[in-house]
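Colleague: Hi! Could you walk me through this one while I have it open?
Modeller: Happy to, let me bring it up.

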Amino acid sequence: MSALLQVRGLSRHYGQRIGCEDVSFDLHPGELLCVVGESGSGKSTLLSTVAAQLAPSAGTVRYRQRDGEWLELGTLSEADRRRLAREEWGFVTQNPRDGLRLNVSAGANVAERLMALGMRNYSQLRGIARSWLERVEIDAARIDDAPTSFSGGMQQRLQIARTLVTQPRLVFMDEPTAGLDVSVQARILDLLRGLVNELGLAAVMVTHDLAVARLLAARTIVMQGGRVVETGLTDQILDDPQHPYTQLLVSSVLTT
Amino acid sequence: MTPSYNFAFLDEDTKRMLRRALLKAVAIPGYQVPFGSREMPLPYGWGTGGIQVTAALLGRDDILKVIDQGADDTTNAVNIRRFFARVAGVETTEHTVDASLIQTRHRIPETPLREDQILVFQVPEPEPLRTLEPREAETRTLHALADYGLMHVKLYEDIAQYGHIATSYDYPVLVDDRFLTSPSPIPKFDNPKLDRSPALMLFGAGREKRLYAIPPYTKVESLAFDDHPFEIQRWEHRCELCGSAESYLDEVIVDDRGSRMFVCSDTDFCGDRRAEAQA
Amino acid sequence: MTATLMLELRDLSKSFELHHQHGARLDVLRGLDLRLHAGECVVLSGPSGAGKSTLLRVIYANYRPSYGAVHVRHAGRWLDLAKATPHEMLEVRRQTLGYVSQFLRVIPRVPALDIVAEPLLQAGADPQAARQRAADLLRRLNVPERLWPLPPGTFSGGEQQRVNIARGLIVPRPVLLLDEPTASLDADNRVVVAELLAEARAAGSGVLGIFHDEDMRDRVATRVFPMQALEAA
């Protein structure tokens, strides 16, 4: 199987400070990769840099488009970068309020990406928005309600619907469950797991929660101080951690 | 003419700056050109953008007409017309057919315009995406990339809330298949008049310091959904003064008991029709 | 007729280095050689602490071998799992290596029937057919039909174990690793599991397992592979 995303020697510095340093990995179609590490380990910086939201200080990110062409993300124009973000990628932020348009209805939030792709049939947009709300377990009767009237968990599910409605090939997720109650987390993780399987999405997910990695990801990258300290099969990393930092991380978890 | 002012109030260097900006605006239909807006002797929101464009265009032979919501006899229209009569000494008129330059607030005359006429709009908010996207840097990028899905979010919200596209004025248009543009707060009734108009249309926003243009015979398309096409307002009434069934009507309360009548918003158009009927 | 060799361990060693226990080192496997053929059922025997579970986990790449080779016949060629990339390893798990542990790792909110059907779906089967096959297996393993639509979190130990076996056996894989999958089962259900394993062997799978129950061991084993704790050796 050929990779969808190739990251090679990727670094991002903030002046003298290291965000992430010399990171390499491949992501295959249909694969969910978790990046774990504590706060400040550089995982969010890595995610933003891979998603071309931050310019790398060194290294390359290559992405294979729907048409099979390889794109070197560092050389993309702003227009191409936005086209990719619109047509082939999705990004789910930790705080749903950063990823949603709060001053328009839930339905418009879901339909926006479709309209950006040129869909101009209102009833069709409504129909798709309704079915996606149901898919993320939001009552379709709330399609015209403002997201501000939703609970945190509902807002996050709405953000997921808004992101996945265009059936992106690659989704970046930054701690999508971190701000939520444990019971709400489980529901969202289960939902994500189902959607990832069903849609055959490839995804890179940043999380500090090893249980999330265990549940969702076949492969995991462990980061510390901006560098990758261990990478491999998720269950191997959690059950037979090699690096001292990973061992500390695993032994610090109450239950995984 | 008051002699202590330069012709048409603004100094010649300022007019040159304005004309350069206007040329650029005409060259890129619908694109918002920044310009160095001057303090004018009237408050922002009263037409400081339109008045600067008019000042930059006026020649001694021009015949100026000024309308406010279609009427020649309302405060804003009277003041601006009188202003240019004093500082430029140009001839003024209330007749659309006689005017070479028409400054307008929120209407396009009912009488079809000609190639030898210029229409100048007063614009309070030139950015059609502003209510949805407050960041100027972001709206500029969206224009640069012609990334206009966002505008349909607003129309979607209209239909979701009211069952139809309820936006009735300042209805967004796409100019020359390229730039999303605010037609200024004209009623959407007037939007079809923008499309392939023989007259040059210029737009000035004084507070926001932007100019833009729709050159003659340019394609102007009002946005819509396939299953909710663009539609203009219709009335069950005719104008009670001239009997017109084609013009944009204002609803006027005529006494303390709340009696209402519908009359043409375009006073010149209505007057002409009545004069014709009497003749 | 010589049976096809499916799995070959050569000089396999495994030790754990515990960085936060003053660098303590635990040697569990040392210099181990083992061959498994198609149609065979090799049962690992030995006292607790002899490294039987560790061995299965090393073969499944749940643990990383410290030294030696784990050769598996995968997709018609030999692959050393000690050197395989994670992507290769995932493919080996999908197609070649099955692993059934003692415990079901419950996935929140997913019904038992779907948990069982999932590996078959991931192998590309038609959803309808996968659920049908899952239902057949659950029925054979005497899991009451009323439980199928429920997530197994609240099931009894024996019921969970049978769901786990069904999930582990639903995709026919050439090599099966079984870590006491029948520990909580009654005699009737053990017989069913023994039948299922016999069918898998007849279909050409090699089985490597741990069965503490002697009756079960006698029923399924074609060969016993003795193991001893290293300290005692």
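Modeller: One term before we start: two residues are in contact when heavy atoms lie within 4.5 Å. Keep in mind too that this is a predicted model.

Colleague: Good, then let's use that. In chain A, what share of the contacts with a separation of 6 or more comes from residues 24 or more positions apart?
Modeller: That share is 66% in chain A.

Colleague: And how many helices and strands does chain A have?
Modeller: Chain A has 10 helices and 10 strands.

Colleague: How does the radius of gyration of chain A sit against a compact globule?
Modeller: They agree: for 256 residues a compact globule would come out near 18 Å, and chain A has 18 Å. Along the principal axes, the C-alpha atoms of chain A fill a box of roughly 55 × 45 × 35 Å.

Colleague: What about burial, how much of chain A counts as buried?
Modeller: Of its 256 residues, 56% are buried. The area that chain A exposes is about 9,800 Å², with 47% of that supplied by carbon and sulfur atoms.

Colleague: I'm thinking about electrostatics as well. How many positive and negative side chains are there in chain A?
Modeller: There are 27 positive and 29 negative ones in chain A, and the centres of the two sets are 6 Å apart.

Colleague: Let's move to the interfaces. Which chains share the most contacts?
Modeller: Chains A and C do, among the 2 pairs of chains that touch. That contact involves 26 residues of chain A and 23 residues of chain C. Together, chain C and chain A bury about 2,100 Å², 48% of it on carbon and sulfur atoms.

Colleague: Which residues of chain C lose the most area there?
Modeller: Arg64(C), His87(C) and Arg109(C), which together make up 30% of what the chain C side buries against chain A.

Colleague: And chain B, how does that one meet chain A?
Modeller: On that side, 22 residues of chain A are in contact with 21 residues of chain B. The two chains bury about 1,800 Å² between them, and 57% of that is on carbon and sulfur atoms. Arg82(A), Arg120(A) and Tyr122(A) supply 40% of the area that chain A buries against chain B, more than any other three residues.

Colleague: Following up on Arg82(A), which residue of chain B is in contact with it?
Modeller: Glu138(B) is one. Leaving aside neighbours within four places in sequence, Glu138(B) is in contact with Arg82(A) and Glu133(B). You'll find Glu138(B) in helix 4 of chain B, residues 136–144.

Colleague: Is Glu138(B) buried or exposed?
Modeller: Buried, because its relative accessible area is 19% and the cut-off for buried is under 20%.

Colleague: How far apart are chains B and C?
Modeller: Their nearest C-alpha atoms are 34 Å apart, and chain B and chain C do not touch.

Colleague: Changing topic to the backbone: which residues of chain B should I look at for positive phi?
Modeller: Gln69(B) is one, with phi near 55° although it is not glycine. It lies in the loop between strand 2 (63–68) and helix 3 (75–87). Lys209(B) is another non-glycine residue with a positive phi, about 60°, in the loop between strand 8 (200–205) and strand 9 (210–214).

Colleague: How accessible are those two?
Modeller: Gln69(B) is at 39% relative accessibility, so it counts as partly exposed. Lys209(B) is at 36% and also counts as partly exposed.

How values were computed. Residues are numbered from 1 along each chain as its sequence is written. Chains are lettered from A and ligands numbered from 1 in the order in which they are written. This is a predicted model: local features need pLDDT of at least 70, side-chain atom pairs count only at pLDDT 80 or more; totals for chains, interfaces and linings use all residues. Side-chain values use heavy atoms; hydrogens and water are left out. Helices (H or I, at least four residues) and strands (E, at least two) are DSSP runs, numbered from the N terminus. The radius of gyration is taken over C-alpha atoms; the globule rule is 2.2 Å times the number of residues to the power 0.38. Buried means under 20% relative accessible area, exposed over 50%, partly exposed in between (1.4 Å probe, protein chains only). Accessible areas come from the Shrake-Rupley method with a 1.4 Å probe; for residues, only the protein chains shown count as cover. Lys and Arg count as positive and Asp and Glu as negative; His and the chain ends are not counted. The place of a charge is taken as NZ of Lys, CZ of Arg, CG of Asp or CD of Glu. Buried area is the accessible area (1.4 Å probe) that two parts lose on being put together, summed over both.
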